[in-house]
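Student: Hi! Could you walk me through a structure I haven't seen before?
Tutor: Sure, let's open it up.

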Amino acid sequence: MSENTDSLAGRAEAQPEPSHDCVIKRWIIMYEPGMVPQVKGPMPDHDSNIAFLRELMQHNPTATFTVCEVVWNHDLWVTDGHEAIAIDDDMKLLPDLDELLHDEADDDGEGEE
């Protein structure tokens, strides 16, 4: 294997299990017109981050927000605050994957007798 392929294999092995949170730290940066940007955080988890972001948006309607997240492989993910809220709202509308897989397994076993 080449050196490049070895490093890719190492990164794939280091990836966390899907059930674990892949984000290490989260911050919110608030930009108010005519002011120095303010950094809020780090936040402990996704839900508290989104709840705090919603609160900040209500109390600071003229501000712009950016959500910064450091993930498991130390990459930096940067998302607009409104986009982060929209993504969170969309994810809540999706059915739970574990429930879907469990239901499909039950359906497969019923007609085989």
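Tutor: We'll talk about one helix and what surrounds it. This is a predicted model, where local features need pLDDT of at least 70, side-chain atom pairs count only at pLDDT 80 or more, and totals for chains, interfaces and linings use all residues. Residues are numbered from 1 along each chain as its sequence is written, and side-chain values use heavy atoms, with hydrogens and water left out.

Student: Which residues of α3 are buried?
Tutor: G81, A84, I85 and D88. Buried means under 20% relative accessible area, with a 1.4 Å probe and protein chains only. They cover an arc of only 100° around the axis, which puts them on the same side of α3. The arc is taken from the directions from the helix axis to the C-beta atoms. Helices (H or I, at least four residues) and strands (E, at least two) are DSSP runs, numbered from the N terminus.

Student: And what covers them?
Tutor: The cover includes α2 (46–59), β3 (64–71) and β4 (76–80).

Student: What does A84 touch?
Tutor: Leaving out residues up to four places away in sequence, A84 touches I50, L53, V67 and T79. Contact means heavy atoms within 4.5 Å.

Student: Switching topic: how do β3 and β4 pair?
Tutor: They run antiparallel, with 5 bridges; strands count as paired if DSSP finds at least two bridges between them. One bridge joins E69 to W77 in β4.

Student: What's in the turn of that hairpin?
Tutor: There are 4 residues between the two strands, and H74 in the turn has a positive phi of about 70°.

Notes: Buried < 20%, exposed > 50% of the residue type's maximum accessible area, 1.4 Å probe, protein only.
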